[in-house]
Amino acid sequence: MTAKFFVDTNLLVYAYDRSEPIKQRRALDVLNRLALSSAGAVSTQVLGEFFVTVVRKTSVALSVAEAYSRLEYYCRFWTVIGVSATVVLEAGRGVRDYQFNFWDAQIWAAA
C-alpha cells in the first residue's frame, strides 16, 4: 500500500472534538475519503498522541474502548509508519537544520 497523504494528530482529534463542529465535519469528511481510498498514512507517534488526546484532553472525551476502536480502524485502513532509528535521526536533523520542535520533527521525518 502506498499512501499519498500523511495524517497529523490535529486532523484526527478534530474529528472527535464536538466543541468545533465545522472543523469536526471537515475532518470527518477528509478522514472518510482517505480511508475509502486507502490513501492515508499515519505514524505510530500520531496514533499515540491521538489516543491520549481524545481520552483525556477533548471537551467530550472518548472512552478508552471507543478510542481503541478508532485505533483499530485506522491501523486497518491506513499505512502505519513506525518510529525507527532512521526516523529519530532524521528528526534530529530537522531540529538541527530547521529548528523544528523534536516531536513535530519526528512526525515530519516519518512522513
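Which residues does Phe-50 touch, not counting residues up to four places away in sequence? In this predicted model, the partners of Phe-50 are Thr-9, Leu-12, Val-13, Tyr-16, Ala-67, Arg-70, Leu-71 and Tyr-74. The legends below begin with the surroundings of Phe-50.

**View 1. Phe-50 within the largest nonpolar core.** The largest nonpolar core comprises 22 residues. Phe-50 is listed among the members with the most contacts inside this core, together with Leu-12, Tyr-16, Leu-31, Val-54, Tyr-74 and Trp-78. Helices H1, H2, H3 and H4 are the elements that each give two or more residues to the core. Helix H3 supplies the largest share, five residues. A second core, separate from this one, has five residues, including Ala-91, Ala-105, Ala-109 and Ala-110.

**View 2. The buried face of helix H4.** Helix H4 covers residues 64-77, and Ala-67, Leu-71 and Tyr-74 are buried in this helix. Seen down the axis of H4, the buried residues fall within an arc of 70°, so they line one face of the helix. These buried residues pack against helix H1 (9-14), helix H2 (21-37) and helix H3 (44-56). On the face of H4 turned away from the buried side are the exposed residues Ala-65 and Arg-76. The length of H4 agrees with expectation: 14 residues at 1.5 Å a residue should span 20 Å, and the end C-alpha atoms are 20 Å apart.

**View 3. The environment of Tyr-74 in helix H4.** Is Tyr-74 buried or exposed? Tyr-74 counts as buried because its relative accessibility is 3%, and the cut-off for burial is under 20%. Leaving aside residues up to four places away in sequence, Tyr-74 touches Leu-12, Tyr-16, Leu-31, Leu-47 and Phe-50. With Tyr-16 there is also a polar contact, side chain to side chain, at 2.8 Å. Leu-47 lies 27 residues from Tyr-74 in sequence, and the two C-alpha atoms are 8.5 Å apart in space.

**View 4. Strand E2 paired with strands E1 and E3.** Strand E2 spans residues 40-43. Strand E1 (residues 5-6) runs parallel to E2 and is joined to E2 by two bridges. Strand E3 (residues 79-81) also runs parallel to E2, and three bridges join the two strands. Ala-41 of E2 is the bridge partner of Phe-6, and Ala-41 stands opposite Thr-79 in E3. In a regular strand the side chains alternate between the two faces of the sheet. Within E2, Gly-40 and Val-42 point one way, whereas Ala-41 and Ser-43 point the other way. All four of these residues are buried.

**View 5. Ile-107 of helix H6 and its contacts.** Ile-107 belongs to helix H6, which covers residues 102-110. Its relative accessible area is 9%, so Ile-107 is buried. Which residues does Ile-107 touch, not counting residues up to four places away in sequence? The contacts of Ile-107 are with Phe-6, Asp-8, Thr-9, Ser-43, Gln-45, Val-46 and Glu-49. Among these, Phe-6 has its bridge partner, Ala-41, in E2, and Ser-43 is itself a residue of E2. Glu-20 provides a further reference point: Ile-107 and Glu-20 are 87 residues apart in sequence, with a C-alpha to C-alpha distance of 24 Å.

Methods:
Residues numbered from 1 in each chain as written. Predicted model: local features only at pLDDT ≥ 70, side-chain atom pairs only at ≥ 80, totals over all residues. Heavy atoms only, no water. Helix = DSSP H or I, 4+ residues; strand = E, 2+ residues; numbered from the N terminus. Expected span 1.5 Å × (residues − 1). Buried < 20%, exposed > 50% of the residue type's maximum accessible area, 1.4 Å probe, protein only. Arc of directions from axis to C-beta. Contact = heavy atoms within 4.5 Å. Core = buried A, V, L, I, M, F, W, Y, C linked by side-chain atoms within 4.5 Å. Pairing = 2+ DSSP bridges. Polar contact = N/O pair within 3.5 Å; in protein donor to acceptor, adjacent residues only side chain to side chain.
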